[in-house]
There are 2 protein chains.
Amino acid sequence: MNFIRIPHRLKSTIKIPSQTNRVEKLYAGLLSDDAILRRVSLSKAITLIETTHPVKRKQAEYLLSKLLKSGISRNLSQNRKSEASKMKTALRIGLTGPPGAGKSTFIEALGTYITEKKGLNVAVLAVDPSSSKTGGSLLGDKTRMEELSRNMKAYIRPSPAGGTLGGVARTTFESCILCEAAGYDVILVETVGVGQSEYKVADLVDMFTLIIPPAGGDELQGIKRGIIEVVDSVIVNKSDGDLIPAARRIQMEYLSALKFMPPNYPNHAWKPPVVRVSSLSGDGIDQSWGMMESFFEKLTSLTDKDTGEGMAILEKKRIKQRELWMWHHVQDRLLEEIKTKDFARRISQKVVDNDATPGTGADEIIRHFLGDKM
Amino acid sequence: MNFIRIPHRLKSTIKIPSQTNRVEKLYAGLLSDDAILRRVSLSKAITLIETTHPVKRKQAEYLLSKLLKSGISRNLSQNRKSEASKMKTALRIGLTGPPGAGKSTFIEALGTYITEKKGLNVAVLAVDPSSSKTGGSLLGDKTRMEELSRNMKAYIRPSPAGGTLGGVARTTFESCILCEAAGYDVILVETVGVGQSEYKVADLVDMFTLIIPPAGGDELQGIKRGIIEVVDSVIVNKSDGDLIPAARRIQMEYLSALKFMPPNYPNHAWKPPVVRVSSLSGDGIDQSWGMMESFFEKLTSLTDKDTGEGMAILEKKRIKQRELWMWHHVQDRLLEEIKTKDFARRISQKVVDNDATPGTGADEIIRHFLGDKM
């Protein structure tokens with residue numbers, strides 16, 4: 001009697017992720033015509049990609065690669081499946097600002113405007129780097145976006161607290177893909193303007209917007225100086241009543257500050273505008289959205305003539321962002337992994353004991369882990 | 001006839017670095033009683049550790065480990081070989097500040113004071129993160145420290161430009177060990193107060209000092225806000241003539257700002273003082289040095305009672321710094337190495353082409369490089 005032996009290296013490919021059915025169901029649900037099913041599937045899919053369980057992580061990878069293969073989020077020139085949408089792919093907008101700028105009320109006002117007046121679907125992903133330390137929650141308090149959270153065309157999802165990369169969950173990027181799959185036209189990624197997280201969010205979105213209150217001096221010092229160099233637009237919020245003169249002043253200050261910044265896009269394709277908004281009365285909300293639409297139109301139609309590749313500027317930006325994020329992840333997790341290894345611990349002890357310099361210790365660790373792959 | 005086979009794993013240890021003689025000569029030169037030989041050997045040794053040539057790098061590692069083994073820079077409680085010195089090991093002082101603060105003139109004045117009035121040897125290591133971009137040089141223009149550079153008790157060495165880690169050469173740490181070996185009692189590490197480099201320097205020295213000019217407002221905004229949280233002292237330079245009132249005002253401002261900072265050392269062992277100095281007239285230079293000496297005295301005699309380990313606070317700080325630097329190096333160089341590998345390039349292309357998400361791409365890279373070492 002002969003036995004057919006399965007080569008060892010094939011064994012892993014034979015293993016089919018358990019509950020593949022579940023992934024197929026999620027996939028079908030995300031692309032379904034039923035808005036409620038899409039919404040439920042999106043929630044489940046985000047939960048799936050947020051897991052650290054190895055088997056579920058495999059399922060998540062399978063789901064994401066299936067979506068990418070089917071063309072979701074593939075490129076900007078491809079039409080969205082949703083006919084109602086004028087967008088070609090979701091516009092990803094990052095929103096940051098100091099505490100007290102009224103980010104949540106602005107997002108509520110903007111989200112309501114986009115869904116009700118423009119008939120578009122809006123997803124809100126909130127990144128909260130502070131919650132792991134202070135316990136404060138950005139969107140846990142759902143009542144802050146009471147109106148929007150009852151809106152069937154809007155989807156609100158807080159990101160898990162903590163994690164690496166300045167509070168931006170690795171999954172925020174992947175959540176964007178899921179939201180696009182589920183037919184959301186606009187994705188608003190909210191973050192608190194503290195620490196390094198806002199830079200990370202700038203590397204994640206198409207358009208990076210700073211929201212500030214109409215108060216100068218001390219309050220504004222909470223904004224990192226570098227931020228102004230990477231913003232695509234500034235919203236001066238709370239521009240109502242007595243605060244209008246102050247808001248005008250701030251608007252002028254930011255406009256002149258932005259003049260001195262080097263352009264963020266080739267051929268001066270985009271100059272960051274500064275818009276005054278009252279989230280309370282709704283003044284300036286239409287202008288804000290118009291500016292966002294115009295950003296998207298321009299950067300998807302203009303190509304980077306310098307390189308002569310004929311690729312839309314936004315497409316190029318997204319490609320760069322994907323690469324950048326991959327390396328952010330590698331850097332973060334690789335070190336985390338290595339630090340847990342016995343060998344690294346031994347070398348670390350040598351450096352602590354002054355038996356090796358930090359440089360030679362690092363050499364030993366790198367040689368050990370990359371040695372045969374150099 | 002029997003053959004004795006050398007086990008393969010021993011082969012590498014049998015290889016003796018070529019020109020071992022050269023290293024032995026450097027070692028002997030660094031520890032020699034002849035001040036001129038010490039100085040020449042120090043220059044050669046720093047050049048050796050700055051090389052990237054693999055064989056010379058081996059020699060540098062051998063020299064450093066020989067010095068560490070012989071007790072140089074081993075611990076703070078051990079007496080220095082130089083009997084003239086009141087220091088037990090070199091005091092490493094980091095000096096940062098915005099351009100125009102007069103860092104070089106302050107270092108010249110302080111260095112001259114320490115060598116002439118206190119009879120101590122001073123080494124100046126200058127880190128210049130800007131030179132790779134702007135071509136400007138911090139100390140290349142040696143005439144800026146004309147007096148000090150002619151002083152036989154002083155040694156001035158600019159760091160190589162460029163490099164990673166925010167312009168702080170990996171070798172700055174190792175240069176400190178060489179300077180200690182050559183009998184320098186005080187090491188001044190100078191950096192420009194731009195970018196991230198000043199934080200890195202803070203992780204490299206015992207005492208981190210900010211030098212500022214007596215000018216408020218715009219000029220001061222060049223200093224990163226975070227800096228004030230990590231300084232051990234502030235020097236208000238150019239406090240002479242008409243500028244004295246402005247310098248007094250700045251002094252008060254910094255003193256009150258520092259009050260709100262959390263303590264950097266356990267048991268409130270050190271409160272950062274703010275000293276007004278005129279590098280021109282020499283006013284305040286003695287006070288600056290007194291403050292530095294007092295910092296060293298306090299932090300080498302006080303132990304961290306919280307941990308009950310009975311270790312001097314400064315010793316603990318240095319241990320933490322060594323570990324931190326090792327991981328800085330690993331993080332920086334590991335990624336650099338991996339990025340050059342074909343496998344990483346292939347995955348990177350998959351992410352660019354949207355065939356994989358940044359997260360799953362990172363997973364693949366980590367699995368590939370750490371796979372069998374997990």
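These questions and answers look at how some descriptions of this predicted model are reached.

Me: Why is Lys44(B) called partly exposed?

Reply: Lys44(B), which is found in helix H3 (residues 35–50) of chain B, has a relative accessible area of 49%. Buried means under 20% and exposed means over 50%, with partly exposed in between, so the value of 49% places Lys44(B) in the partly exposed class. Lys44(B) also helps to form a positive surface patch, together with Arg22(B), Lys25(B) and Lys56(B).

Me: What makes Asn267(A) partly exposed, and what makes His268(A) exposed?

Reply: Asn267(A) has 38% relative accessibility, and because this lies between 20% and 50% the residue counts as partly exposed. His268(A) has 61% relative accessibility, which is over 50%, and therefore counts as exposed. Asn267(A) is found in the loop between helix H11 (244–259) and strand E7 (274–276) of chain A, and His268(A) has its place in the loop between H11 and E7 of chain A.

Me: What is the phi of Asn267(A), and what is that of His268(A)?

Reply: Asn267(A), although not a glycine, has a positive phi of about 55 degrees, while His268(A), also not a glycine, has a positive phi of about 50 degrees. Most residues other than glycine have a negative phi.

Me: Why is helix H15 of chain B described as largely enclosed by the rest of the structure?

Reply: Of the 13 residues of H15(B), 10 are buried, so the helix is largely enclosed. Among the buried residues are Pro358(B), Ile365(B), Phe369(B) and Leu370(B).

Methods. Residues numbered from 1 in each chain as written. Chains lettered and ligands numbered in written order. Predicted model: local features only at pLDDT ≥ 70, side-chain atom pairs only at ≥ 80, totals over all residues. Heavy atoms only, no water. Patch = residues over 30% accessible without salt bridge, like charges linked within 9 Å, V, L, I, M, F, W, Y side chains within 5 Å. Areas by Shrake-Rupley, 256 points an atom, 1.4 Å probe, with all protein chains shown as cover. Salt bridge = Lys/Arg side-chain N within 4 Å of Asp/Glu carboxyl O. Lys, Arg positive; Asp, Glu negative; His and termini not counted. Charge placed at Lys NZ, Arg CZ, Asp CG, Glu CD. Helix = DSSP H or I, 4+ residues; strand = E, 2+ residues; numbered from the N terminus. Buried < 20%, exposed > 50% of the residue type's maximum accessible area, 1.4 Å probe, protein only.
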